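Visitor: I should like to take a close look at a single part of this model. Please treat it in one connected account.

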Amino acid sequence: ASADEQSVTVSRQIDDSNRISPTLALQSKDFSVEWERSLDDGNSVTTTVTPNQAIDIEWNDAAWTANVNLPIDDGIGGANVSIKRELNF
């Protein structure tokens, strides 16, 4: 972390499948909240909400990873979506 922008994250494991982690940037006072939901077979969905900026979702399902970025800075805008698959040869 830079000396100009330190942040504090407090993580709480709510139950076996859910973890929530708010983060506060000490200088700018920006904050975000991350929610991670563990699914079967080691898969997961992680959602991060940064008010007045974006909602980010990452879904890991075995070799597949899907990412969605939804800007919310000027209202809800167009989503950016990417999907990738890990291949091992």
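In the hairpin of β6 and β7, which residue takes a positive phi?

Guide: The model is a predicted one, and the residue in question is Ala62, whose positive phi is near 55°. Two residues stand between the strands of this hairpin of β6 and β7. Strand β6 covers residues 54–61, and strand β7 covers residues 64–71. The two run antiparallel and are joined by eight bridges. Within this pairing, Ile55 stands opposite Leu70 in β7.

Strand β6 also has a partner on the N-terminal side of the sequence, namely strand β5, which comprises residues 44–50. Here again the sense is antiparallel, and the pairing extends over seven bridges. Thr48 faces Asp56 of β6 across this pairing. The hairpin of β5 and β6 has three residues between its strands, and in it Asn52 takes a positive phi near 65°. Strand β6 is therefore paired both with β5 and with β7, given that two strands pair if at least two bridges are found between them.

The salt bridges may be described next. Their count comes to two. In one of them, the side chains of Arg19 and Glu34 meet at 2.9 Å, N to O. This pair links distant parts of the chain, since Arg19 belongs to strand β3 (residues 18–25) and Glu34 to strand β4 (residues 31–38), 15 residues apart. In the other, the side chain of Arg19 meets that of Glu36 at 2.6 Å, N to O. Arg19 lies in strand β3 and Glu36 in strand β4, so this pair ties together parts that are 17 residues apart in sequence. Arg19, Glu34 and Glu36 are thus linked in a network of salt bridges.

The accessibility of these side chains completes the picture. Arg19 has a relative accessible area of 18%; because buried means under 20%, Arg19 is classed as buried. Glu34, with a relative accessible area of 25%, is partly exposed. Glu36 likewise counts as partly exposed, at 22% relative accessibility. In this network, then, a buried arginine, Arg19, is linked by salt bridges to Glu34 and Glu36.

Terms used: Residues numbered from 1 in each chain as written. Predicted model: local features only at pLDDT ≥ 70, side-chain atom pairs only at ≥ 80, totals over all residues. Heavy atoms only, no water. Salt bridge = Lys/Arg side-chain N within 4 Å of Asp/Glu carboxyl O. Helix = DSSP H or I, 4+ residues; strand = E, 2+ residues; numbered from the N terminus. Buried < 20%, exposed > 50% of the residue type's maximum accessible area, 1.4 Å probe, protein only.
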